[in-house]
Amino acid sequence: MINKPYVLILIVGALLFLDAFLVYRYLSWGSTMDEILPFTGFLLLAETITVFSIIRFNQIINPFTLYSLFIYIAGFSFLIISDRQIDYDYHYILIMVLSIAFFIAGGLVAMKTFTFSFKSYIPPLSQRLSLAFLLLVFVAGIGVFILEVGQLGYLPVFNLANAEVYQELNENEVTPLHNFIIVNSVLPAMFYILFKRKTLRFWQFLLLTAVCGFIILNFFSRQIIVLFFFSMLIAYSYYKTIPLLKFFSIGVVCTVIFIVLGQLRGGSSEESNSMSVNDFLRDYGDITKPTNIIETYLSLYGAVNLTSGNGIVSDALRDNYVSYGLYSARPVLTIIPVDKNAIYPPLYSSYTKLGTYLVDPFLDFRWIGVIGLNFMYGLFAMNSFKNYLAKNGEYYIVEWSLFIFCIFMCAFTNFFHMFFVAFFFIINRIAIK
């Protein structure tokens with residue numbers, strides 16, 4: 001549909017009109033040209049690769065459309081709308097530009113070359129063994145969930161009236177096996193694959209999914225719920241095309257859930273309950289401009305994080321700190337019983353400070369890391385997407401879902417090198433081949 005010339009002209013015209021409206025809006029806030037010009041440049045780039053990739057793949061969800069969200073947030077962050085924001089150092093702006101350029105370059109190279117897959121030396125499991133393995137992981141997750149809820153003393157979803165529930169969840173000591181709880185975000189997609197293979201009946205799939213959903217809801221982690229929705233959406237669309245209207249309806253539902261969970265995490269105090277969600281978040285984020293709810297979220301969960309990243313890079317340059325690959329090796333180092341604060345000093349932690357995904361490659365290998373790792377991110381993400389699109393195997397359902405999650409969360413921290421992502425890759429490789 002979008003390939004028809006008149007449709008393309010209408011879309012480009014609508015985008016240009018929206019761009020002009022946004023520029024006028026932010027100029028009326030008192031934004032300077034030093035803020036408006038980079039915002040406009042990043043905005044046009046995000047729109048260009050979005051339209052290009054949708055035309056190229058005829059798919060709304062692809063590596064470039066997902067990454068364009070980060071590009072837009074990066075541009076939006078140049079607008080100083082919160083007291084938490086500062087002007088960026090030139091080093092950080094260069095990191096931002098090179099990261100975006102080489103992620104796109106990696107994706108373009110993967111588009112133009114053949115798909116590849118790492119040879120697995122793990123023999124494929126039979127359908128029954130695959131189900132048994134996933135049920136074992138499922139039961140392990142229930143056991144760890146019971147253990148951690150026992151430490152907390154109550155089920156969080158049944159104690160929403162407690163204003164401190166989210167804080168108590170964060171303070172509750174988790175076990176090293178906590179990843180068996182998080183894996184419940186992708187298990188339903190794997191169970192759906194087994195249902196489509198006729199290894200599971202539909203009611204069994206629904207029951208297992210309901211239990212997984214109940215477990216992850218109890219931790220109020222929007223990131224994990226996002227991964228659950230993405231993996232299920234990708235699993236369903238692998239077998240059946242989702243109509244555009246239904247697709248956008250799912251997006252609206254996910255957005256509402258995201259906002260509601262944010263309000264729950266913000267507490268149930270009288271003060272927060274007497275304010276709208278937008279006013280509460282604007283007050284929480286020290287936002288000084290008359291933002292709408294979307295702009296408020298872009299500032300609080302995007303622009304402020306990029307400012308944190310600027311601070312981490314500045315500290316690393318000042319102290320001449322280089323990690324020499326420690327952040328890239330996080331999946332391996334996580335399971336080693338050593339003091340993690342000694343390996344990953346809190347001062348430079350993009351995870352605890354939410355410094356976006358930009359920081360870790362720079363801390364690891366400076367400019368070589370920024371160029372090389374971003375190229376690899378784009379290359380592997382596009383390769384996984386192409387394998388999924390070509391239906392080269394159901395294994396790529398979860399693999400592509402994990403890449404979607406990592407790209408979608410770029411404005412928060414670098415999930416490409418998180419242990420639980422590698423853990424999910426391993427479980428997927430064993431169970432679904």
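1. Let me start with cysteine 410. Its sulfur has its closest cysteine sulfur in cysteine 406, 7.8 Å away, which is too far for a bond. A disulfide would need the two sulfur atoms within 2.5 Å. Cysteine 410 is also buried, at a relative accessible area of 0%. Please keep in mind throughout that this is a predicted model.

2. Seen from the other side, the picture agrees: for cysteine 406, the closest cysteine sulfur is that of cysteine 410, at 7.8 Å, again too far for a bond. Cysteine 406 counts as buried too, with 3% relative accessibility. The count for the structure is 0 disulfides, so if you are preparing a topology, that is the number in this model.

3. Next, helix 14, which covers residues 293–319. With 27 residues at 1.5 Å a residue, helix 14 should span 39 Å, and the 38 Å between its end C-alpha atoms agrees with that. You will still find a kink of about 35° in helix 14, centred on serine 299.

4. The surroundings of helix 14 deserve a look as well. Of its 27 residues, 19 are buried, so helix 14 is largely enclosed by the rest of the structure.

5. Both ends of helix 14 have something to show. At the N-terminal end, asparagine 292 acts as a cap, with a side-chain oxygen 3.1 Å from the backbone nitrogen of isoleucine 294. After the helix comes asparagine 320, which has a positive phi, near 55°.

6. Helix 14 also leads us to isoleucine 95, a residue of helix 4 (residues 90–112). Although isoleucine 95 and valine 313 are 218 residues apart along the chain, their C-alpha atoms are separated by 9.5 Å. Which residues is isoleucine 95 in contact with, leaving aside its neighbours within four places in sequence? They are Val313, Leu358, Phe362, Trp367 and Val370. Isoleucine 95 has a relative accessible area of 0%, so it is buried.

7. My last point is asparagine 62, in the loop between helix 2 (33–57) and helix 3 (63–76). Is asparagine 62 buried or exposed? At 0% relative accessibility, it counts as buried. A polar atom of the asparagine 62 side chain lies 2.9 Å from the backbone nitrogen of phenylalanine 64. Setting aside neighbours within four places in sequence, asparagine 62 is in contact with Ser53, Ile54 and Phe57, and also with Phe385 and Trp400.

How values were computed. Residues are numbered from 1 along each chain as its sequence is written. This is a predicted model: local features need pLDDT of at least 70, side-chain atom pairs count only at pLDDT 80 or more; totals for chains, interfaces and linings use all residues. Side-chain values use heavy atoms; hydrogens and water are left out. Buried means under 20% relative accessible area, exposed over 50%, partly exposed in between (1.4 Å probe, protein chains only). Helices (H or I, at least four residues) and strands (E, at least two) are DSSP runs, numbered from the N terminus. The expected span of a helix is 1.5 Å times one less than its number of residues. The bend at a residue is the angle between axes fitted to the seven residues ending there and the seven starting there. A polar contact is a pair of N or O atoms within 3.5 Å; within protein, one must be able to donate a hydrogen and the other to accept it, and residues adjacent in sequence count only if both atoms are side-chain atoms. Contact means heavy atoms within 4.5 Å.
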